[in-house]
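Thanks for coming. I will go through one structure this morning, starting at a single loop residue and working outwards. Please have the sequence and the 3D view open.

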Amino acid sequence: MNTTAVIVQAMQWLLDMLGRKIHRAALTIELDDGARYVLGDGAQQAGIRARDASVLRRVALDPKMRFGEAYVAGLWEPADCALIDVLRVAALIQQDLEPGRVGREITKLQGNLRQWDYGQLSRRNVSHHYDRPPAFYASFLDADLHYSCAYFSEPDMSLEAAQQAKCAHIARKLDLEPGAEVLDIGCGFGSMALFLAEQYNARVTGITLSQAQLAVARERARERGLDQRVQFELLDYRTLDRDFDAIVSIGMFEHVGRPQFRTYFDQVRRCLKPHGTALIHSIGRFSPPGRTNPWIAKYIFPGGYIPALSETAEALEPHGLLSNDIEIWRLHYAKTLAAWRERFAAVRPQWVETYDEAFCRMWEFYLCGSQASFEAGDMMVFHLQLTHDLERLPLTRNYLYAPDEAASKASSA
């Protein structure tokens, strides 16, 4: 028996063995030589066409890393479907193949070793993803440059409207008085800080580790005449030694890393005034603690980790901060990513020319894979609303959905 025949026979055995465990989805795999395999027997279906059996062998040795690498290298393509369809099926297959409790503990330990995050490493990790030309992000984000989950409070909202709805919802959770001093940890391009300054007359300090984001945020503040009320600084959150009336952190907790969770919440506690409110907005997982997908960790977000609520609460509890409210957003990020993906597709040729085809395939895989994780995987977004004082906030959630009197009062102040 020649080498190719051995590979094909081994692949058939492996796919048959795995297929017996997969019942949520089915992935049809076709090779250029006409061979065909079906992995799983679920109702959700998709297909790929791969160059040859060696591609399958390579992917099978490390699927979480090499499935994405093989796509970026052009070694497989979706067959009679779109990439998002393939990755939805892949997300369902992954759930069926998730390890048991012992496997999860080993994975957690491996993840911890990869997430030790000190100052210089933090800057390198942030730079890897965020220090691209601002025009790149502007080409697929909303007009106000929010690079985080939008809030689709009404059906059929545009991405722009949903991002403004997110800002308004978070601002109400902060329950600000006009002129409040606010800290924005991980301020991105400055969008939330500028919103609070304009709509709530707040004085905001935004901090980031991204040189590119810092430059854009400062320029935007100058253009809007807000540079006296909004200050942006290149600063690690662990070095702050000031207190604030409110703290907001949107899409930054995912970059902290599990070993630093307690440090993060201790710093929030120390920087929040006795009658202040903090709002932490983060991607989370419905499943138990695990490990960052290795492809994402290598190519997209080095040092990143998506927390489970259980480990987040465990890290928060020793610091005396009170969880006044926890809100889960289930599909809002899927809708956000779908909008980004469509906008990126429209400008793709320009980025192929600027970078190359492999870069654009990598970015497509990231956007589609992330969307699939919210639609068919275990990802969600959570809000933690934190205070020192049990009586700091209204007794019910009604104030979050009433007319925004605080903003109107601030704008007339």
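Start at D175, which counts as partly exposed at 27% relative accessibility. On the cut-offs used here, buried is under 20% relative accessible area, exposed is over 50%, and partly exposed is in between, with a 1.4 Å probe and protein chains only. D175 is found in the loop between α8 and β5 (181–185). Helices (H or I, at least four residues) and strands (E, at least two) are DSSP runs, numbered from the N terminus. D175 is not a glycine, yet its phi is positive, about 55 degrees. Most residues other than glycine have a negative phi.

Before going on, the ground rules. This is a predicted model, in which local features need pLDDT of at least 70 and side-chain atom pairs count only at pLDDT 80 or more, while totals for chains, interfaces and linings use all residues. Residues are numbered from 1 along each chain as its sequence is written, and side-chain values use heavy atoms, with hydrogens and water left out.

pLDDT is the predictor's confidence in each residue, from 0 to 100. The protein averages 89, and 86% of the residues score at least 70. Over residues 100–116, pLDDT stays under 50. Where pLDDT is low, the predicted coordinates should not be read in detail.

Overall, the protein has 16 helices and eleven strands. Of its 413 residues, 52% count as buried. A contact means heavy atoms within 4.5 Å. Among contacts with a separation of 6 or more, 72% are between residues 24 or more positions apart.

A second positive phi is at D80, near 60 degrees. D80 lies in the loop between β4 (76–78) and α4 (83–96). Is D80 buried or exposed? D80 is exposed, with a relative accessible area of 82%. In α4 itself, the buried residues are L83, I84, V86, L87, R88, V89, A91, L92 and I93.

Back to the helix that comes just before D175. Helix α8 covers residues 159–174, which is 16 residues, and reaches 23 Å from its first C-alpha to its last, close to the 22 Å expected at 1.5 Å a residue. The expected span is 1.5 Å times one less than the number of residues. Since 13 of its 16 residues are buried, α8 is largely enclosed by the rest of the structure.

Q163 lies in α8 and counts as buried, at 0% relative accessibility. What does Q163 touch, not counting residues up to four places away in sequence? The list is D142, H146, S148, C149, A150, T336 and W340. The C-alpha atoms of Q163 and S148 are separated by 8.6 Å, with their positions 15 residues apart along the chain.

W340 brings us to the aromatics. Rings of Phe, Tyr and Trp (its six-membered ring) pair if their centres lie within 6.5 Å; planes under 30 degrees apart count as stacked, over 60 as edge-to-face and the rest as tilted. A search of the whole structure finds 36 such pairs. In one of them, the ring centres of F140 and W340 are 6.2 Å apart and the planes are at 75 degrees, so the pair is edge-to-face. F140 lies in the loop between α7 (134–138) and α8, and W340 in helix α14 (residues 332–354), so this pair ties together parts 200 residues apart in sequence. Both residues are buried.

Y151 and W329 form a stacked pair, 4.6 Å centre to centre with 20 degrees between the planes. Y151 is in the loop between α7 and α8, W329 is in strand β10 (residues 322–329), and they are 178 residues apart. Y151 counts as buried at 11% relative accessibility, and W329 is buried at 2%.

Last, the cores. A nonpolar core is a set of buried Ala, Val, Leu, Ile, Met, Phe, Trp, Tyr and Cys residues joined through side-chain atoms within 4.5 Å. The largest has 76 residues, and W76, Y147 and W363 have the most contacts inside it. Helix α15 (residues 357–375) gives the largest share of this core, ten residues. A second, separate core of 28 residues includes L174, F195, L214 and V230.

That is the tour. Questions, please.
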